[in-house]
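Look at the sequence and the model below. The report that follows walks through the fold, the cores and a few single residues.

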Amino acid sequence: MGGVAENIARKAISIAASKCLSELNSLFRDRNKRKRGLWDEKKIADMIQPQTHLNVADNSGARELMCIRIIGTSNRRYANIGDVIVAVIKEAVPNMPLERSEVIRAVIVRTCKELKRDNGMIIRYDDNAAVIVDQEGNPKGTRIFGAIVRELRQLNFTKIVSLAPEVL
């Protein structure tokens, strides 16, 4: 009736059961990642490609951009958050320095395709948006509209992060 040996046996069984459960959970987690294509923890889904229309998230004077090229290697198909693209201005505010059909560089700050972090958090926005930058990577506008992700700070776009009203 509750002897020392019986308590030790119960404790050993509960420890063994908890270890089995944790091993089973990790096994199922790995299998599900493999099934969904998420085997690499740092994989970021990226869906901005040439001919994609993006909103402008700053007050530089442009309203809408169309991606022409992704800066980086020569044969990159998709761009994700933090990538620099070459774009053309499709719609602009009148009486501003940036004109329609002007070719510029921009940094992608929001995508509709979700961003997966290492801790399991998924961030998804309602629109694709970019911030117009100069050759050095400084934003042309003086304000940034909407929330942006923390990963831009690691990519040395600290000026954009400091201007943003909310950093996720």
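## A polar contact to start

In this predicted model, the side chains of Arg117 and Glu151 make a polar contact of 2.8 Å. Arg117 is found in the loop between strand E5 (residues 115–116) and strand E6 (residues 122–123). Is Arg117 buried or exposed? Arg117 is buried, because its relative accessible area is 9% and buried means under 20%. Leaving aside neighbours within four places in sequence, Arg117 is in contact with Ile123, Val149, Arg150, Glu151 and Leu168. Glu151 is thus in that list of contacts, and its side chain is the partner in the polar contact.

## The chain as a whole

The protein chain has three helices and nine strands. What order do they follow from the N terminus? The elements run α-β-β-β-β-β-β-β-β-α-α-β. The chain has 168 residues, and 34% of them count as buried. It exposes about 10,700 Å². Carbon and sulfur atoms supply 52% of that area. Now take the contacts between residues at least 6 apart in sequence: 49% of them join residues at least 24 apart.

## Strands side by side

Strand E2 (residues 62–70) and strand E3 (residues 84–92) run antiparallel. Seven bridges join them. Leu65 stands opposite Ile89 in E3. E3 also pairs with strand E4 (residues 103–110), again antiparallel, through five bridges. Here Ala87 stands opposite Ile104 in E4. In a regular strand the side chains alternate between the two faces of the sheet.

## Two nonpolar cores

In soluble globular proteins, nonpolar side chains tend to be buried together. How many residues does the largest nonpolar core have here? It has 19 residues. Those with the most contacts inside it are Val109, Ile148, Val149, Leu152 and Ile160. The elements that give two or more residues to this core are E4, strand E7 (129–133), strand E8 (147–148) and helix H3 (158–163). E7 gives the most, with three residues.

Follow Ile160 for a moment. Not counting neighbours within four places in sequence, Ile160 is in contact with Val107, Val109, Val131, Val133, Pro139, Ile144, Ile148 and Leu152. Apart from this core lies another one, of 17 residues. Among its members are Cys67, Ala87, Ala106 and Ile108.

## Buried residues in loops

Gly82 is found in the loop between E2 and E3. It counts as buried, because its relative accessible area is 9% and the limit is under 20%. How far apart in space are Gly82 and Val109? They are 6.2 Å apart, C-alpha to C-alpha, yet 27 residues apart in sequence. Beyond residues up to four places away in sequence, Gly82 touches Val107, Ile108, Leu152, Leu155 and Phe157.

Ser60 is found in the loop between E1 and E2. At 6% relative accessibility, Ser60 is also buried. Its side chain makes a polar contact of 2.9 Å with the side chain of Asp58. Ser60 touches Met96, Pro97, Leu98, Ile132, Lys140 and Gly141, again not counting residues up to four places away in sequence.

## Positive phi without glycine

Gln51 and Asn95 each get a row here.

| Residue | Phi | Relative accessible area |
|---|---|---|
| Gln51 | about 80° | 57% |
| Asn95 | about 60° | 82% |

Gln51 has a positive phi although it is not a glycine. It is found in the loop between helix H1 (4–36) and strand E1 (53–56). Gln51 is exposed, because its relative accessible area is 57% and exposed means over 50%. Asn95 has a positive phi too, and it is not a glycine either. Its place is in the loop between E3 and E4. With 82% relative accessible area, Asn95 is exposed.

## Cysteines

How many disulfides does the structure hold? It holds zero. Cys67 is buried, at 0% relative accessibility. Cys67 also belongs to the core of 17 residues. Cys112 is partly exposed, because its relative accessible area is 34%, in between the limits of 20% and 50%.

Notes: Residues are numbered from 1 along each chain as its sequence is written. This is a predicted model: local features need pLDDT of at least 70, side-chain atom pairs count only at pLDDT 80 or more; totals for chains, interfaces and linings use all residues. Side-chain values use heavy atoms; hydrogens and water are left out. Helices (H or I, at least four residues) and strands (E, at least two) are DSSP runs, numbered from the N terminus. Buried means under 20% relative accessible area, exposed over 50%, partly exposed in between (1.4 Å probe, protein chains only). Contact means heavy atoms within 4.5 Å. Accessible areas come from the Shrake-Rupley method with a 1.4 Å probe; for residues, only the protein chains shown count as cover. Two strands pair if DSSP finds at least two bridges between them. A disulfide is a pair of cysteine sulfur atoms within 2.5 Å. A nonpolar core is a set of buried Ala, Val, Leu, Ile, Met, Phe, Trp, Tyr and Cys residues joined through side-chain atoms within 4.5 Å. A polar contact is a pair of N or O atoms within 3.5 Å; within protein, one must be able to donate a hydrogen and the other to accept it, and residues adjacent in sequence count only if both atoms are side-chain atoms.
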